[in-house]
Amino acid sequence: MLIPSKYDASKIEGKWYDYWMKHHYFHSTPDDREPYTIVIPPPNVTGVLHMGHMLNNTLQDVLIRRARLKGFNACWVPGTDHASIATEAKVVDKLKSEGIDKANISREAFLKHAWDWTHKHGGIILEQLKKLGCSCDWERTKFTLDDDLSESVIDVFIDLYRKGLIYRGYRMVNWDPKAKTTLSDEEVIYIERTDKLYFVKYKIEGEDQYLTIATTRPETILGDTAVCVNPSDERFKKLKGKKVVVPICNRVVPIIQDDYVDMEFGTGCLKITPAHDVNDKDIGERHNLEVIDILNDDATLNHYGLHYEGMDRELARRKIAMELEDLGVMVKTEDYTHKVGTSERTNAIIEPKISIQWFLKMKDLSKPALENVMDDTIEFHPKKFKNAYRNWMENVRDWNISRQLYWGHQIPAYYFGDGVNDFVVAKSMDEALQLAKLATGNSDLSHSDLKQESDVVDTWFSSWLWPISVFDGIRHPENEEIKYYYPTNDLVTAPEIMFFWVARMIIAGYEYRGEFPFKNVYFTGIVRDKKGRKMSKSLGNSPDPIELMDQYGADGVRVGMLMCSPAGNDLPFDESLCQQGKAFSNKIWNAFRLINGWEIKDMEQPEHAKIALQWFDNKFHKTLTTIEDHFNKYRLSDALMETYKLIWNDFCSWLLEMIKPEFGEPIDQTTYNAIITILENNLKILHPFMPFLTEEIWQCITKRSPKEALIIAQWPKSKPVNEDIIQAFDFASEVISGIRTIRKQKNIAFKDAIAFAVINNENTSILLDPILIKLGNLDSIDYVTQAVEGSLTFRVKSNEYFIPTPGSIDIDLEIQKLTEELNYTKGFLQSVQKKLSNERFINNAPEQVVAIEKKKEADALAKIETLKASLASLS
């Protein structure tokens, strides 16, 4: 087979992905094997691949490919989320560009546009995942608005309603005025910003006295229904029972007393606007205050805004501040830094709003989900995230599950009257009609008397069922697939959706399957740039993943991503890591080309090759045990680094050097067979990280049938390790480094064999002498008891090694160099010992720092002895 001189990922990756797809290696059906299951965190159907997706899905692919190699029935279910708010916003913008207002078309017409948009753009990210090498079972691809998943959502809503866990009621909610929908608390992102704090005088009714309040939102003055003071505040005792006049609107409102007011904050007087602040609402309910909502759904002022009606809240704020100034009631303004809630999806500033919504009671539902994470029935990796999880779950609030959108799962409630509770919940209009007749006692009701709820459920109310619904476990809880694949094994996700999604999936798992949805949760970090900033389109600091893969190959990018991504910690991404990944690809490719180019002959195996192969076999299995431990502890970055070091250092840099034949000479069949087996084992453990390169080399080694593809090969089995030969080689490698250093310093060509002697104080084994002779190009190794005169020397531990000085070396110059080095080392030693004799340093420095200094001292002492010996041999 003709092997190209360079590895070209662009010609390889598509070829092997098509091959894997053609032979259905990614597809899984239940059988007698143990299943290993992952469900993808479904990306938004609006999305395109970004660096976070790259990291998350590379990690999942590593896990699923390794499971496949280990003989599990591996199933990775892909799919996308309909993303109610994000998708609806995209469609609204598209319609606006075409001169169409959502408000002017029917729900059915809007949904047609939304489906058209989804069919056009919805599959982009999944195709991009294929380029990354993701081995998902694409035949199982799901979408949260698929008919079966939609039916599951409706069934769960009805079930929870009938259990008394879903209710409809007036609450203060988070209102997104751009998307014109409510948001859950978890969808609100708080940002710190500096605004103006306005101090405004309210006239006391019937007096020439004033109270001063402080507010960041003067536009809400028009919705004030009281001013509140603390009953313990002596400054305001005399105001009990009096009233004030609200500026601009001249509304007369009471002065009330409530312990909520902080006497130390602001002026000690609090304006109460129950419609626009959650704490004001609570105070208003305690004091039976009127609720005046001054805002429309788009955050413009309504008729309560008087002459500011129709004006956006931000502009109205500035205009009202100016009017307050003109009226002479603006006392002063100050800068005020505080946290402001914004919409996760639209970035709009959230408006607290009293609204009638649908809620899910969470307190009792959450108990099993809390207990089973805290006792590690479900394990978090890293465990540090358990504290945040516990804090949220112990303080969980009822979940606002309704959204004022068209795109999503329409709530299965049907209204038959105008009252808050004039509704029934049913799966169909026909069923709803029968229930409405029973509820009203009116048998003459018809379909035209019923109107379905226009709201849809929160997107997360569908994705919390994902591990169950993708296997149809809600509609058919006893079907073969849900019983085989559920619970799943691992979930790889980001900590920022721990509450949105992870916690809620666990809740749903215990409610609808009686067990956890997954055994392990691997939390990834945030991908950041070199400056520590989160990568984002808005900052322009995020590379295009597709361009990265075009430049470095998917394997190179995968390795680059994983080199710096310990679980739960942020990933400081640097494009040079992808270059390093590409260099690793080239290193392995060149190693294969070297092996492939050897002529094979039936001849006796050299001793050095036999020993080298024995060493690497033990080194491989020791490393394999370490890799397995890293995988078991979800330290995937560490598993990659162990694999990287084994292949780059131990295989390419050492083993191949030890066994390769002399230039133009053949290699023996026994050694060649062994090196091919070793190469294949290396490819197996590397395959999860670099699937394309490894499959290409695997298929180039020899002709393989589809049943012999690397993707379904068998993961190497661990076996006992001989530590002695590993330790002996570690020692021998230091000796070889010493020989190479002297050759380089003295310009002794490697082709020239040299004499070599050793005083073997360490009593090292002679087992590796053939390796030393080959890699050092030694005539022989003499074991001596005294220093060899006229030799250059070096030490490894207490062993002293001698290389007789060739006649071409200038003895005087060599003595001068050694003397200079000796004097420098003595000075260095003195500075280290001075530090170590400092009691303050010893007592205060970390133990690790002190240990480093002590090692410096020991190394310097050993070097001084070696230099002295070298000088003595030259004198």
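Which residues are buried in helix 6? Select the helix and you'll find Asp 148, Leu 149, Ser 150, Ser 152, Val 153, Ile 154, Asp 155, Val 156, Phe 157, Ile 158 and Leu 160. "Buried" means under 20% relative accessible area, "exposed" means over 50%, and "partly exposed" is in between (1.4 Å probe, protein chains only). Helices (H or I, at least four residues) and strands (E, at least two) are DSSP runs, numbered from the N terminus.

A quick word before moving on: this is a predicted model, where local features need pLDDT of at least 70 and side-chain atom pairs count only at pLDDT 80 or more, while totals for chains, interfaces and linings use all residues. Residues are numbered from 1 along each chain as its sequence is written, and side-chain values use heavy atoms, with hydrogens and water left out.

**Stop 1: helix 6 and its end**

Stay on helix 6, residues 147–162, and check its length. The expected span is 1.5 Å times one less than the number of residues. For these 16 residues that gives 22 Å, and the end C-alpha atoms sit 23 Å apart, which agrees. Now click on Gly 164, just after the helix: its phi is positive, at about 80°.

**Stop 2: an open sheet**

Next, select strands 6, 5, 14 and 16. They form an open sheet in the order 6-5-14-16, with antiparallel pairing. Two strands pair if DSSP finds at least two bridges between them. At the edges are strand 6 (181–183) and strand 16 (399–400), each pairing on one side only.

Look at strand 5 (residues 166–176) beside strand 14 (residues 351–360): ten bridges join this antiparallel pair. For one of the partners, pick Tyr 170, which is bridged to Ile 356 in strand 14.

**Stop 3: the cores**

Leu 360 takes you from the sheet to a core. A nonpolar core is a set of buried Ala, Val, Leu, Ile, Met, Phe, Trp, Tyr and Cys residues joined through side-chain atoms within 4.5 Å. The largest one has 191 residues, and Leu 360, Phe 461, Phe 651 and Ile 675 have the most contacts inside it. Helix 19 (residues 636–659) gives the most to this core, with 13 residues.

Show the contacts of Leu 360 (heavy atoms within 4.5 Å). Among them are Leu 160, Leu 165, Ile 166, Phe 461 and Trp 464. Another core, of 29 residues, lies apart from the largest one; its members include Ile 213, Phe 236, Tyr 308 and Val 329.

**Stop 4: Ile 204**

Jump to Ile 204 in strand 7 (residues 188–204). Ile 204 is buried, at 3% relative accessible area. Beyond residues up to four places away in sequence, it touches Gln 209, Tyr 210, Leu 211, Leu 239, Lys 242, Lys 243 and Val 244. Now draw a distance from Ile 204 to Asp 529: they are 325 residues apart in sequence and 57 Å apart in space, C-alpha to C-alpha.

**Stop 5: cysteines**

How many disulfides does the structure hold? Zero, counting a disulfide as a pair of cysteine sulfur atoms within 2.5 Å. Try Cys 228: the closest cysteine sulfur is in Cys 269, 9.2 Å away, so that's too far for a bond. Cys 228 is buried, with a relative accessible area of 0%. Cys 578 also counts as buried, at 0%.

**Stop 6: a crossover**

Select strand 22 (residues 488–493). Five of its six residues are buried, so it is largely enclosed by the rest of the structure. From strand 22 the chain crosses through helix 15 (residues 498–512) to strand 23, a right-handed β-α-β crossover. Right-handed means that, with the strands pointing away from the viewer, the path from the first strand over the helix to the second runs clockwise. Five bridges join strand 22 to strand 23 (residues 518–523), and the two run parallel. Here Asp 490 stands opposite Asn 520.

**Stop 7: unusual backbone**

Most residues other than glycine have a negative phi, and most peptide bonds are trans. Now for some exceptions:

- His 381 and Pro 382 are joined by a cis peptide bond, with omega about 0°.
- Tyr 486 to Pro 487 is a cis peptide bond too, with omega near 0°.
- Asn 347 has a positive phi, near 70°, and is exposed, with a relative accessible area of 61%.
- Asn 747 has a positive phi near 55° and is exposed, at 70%.
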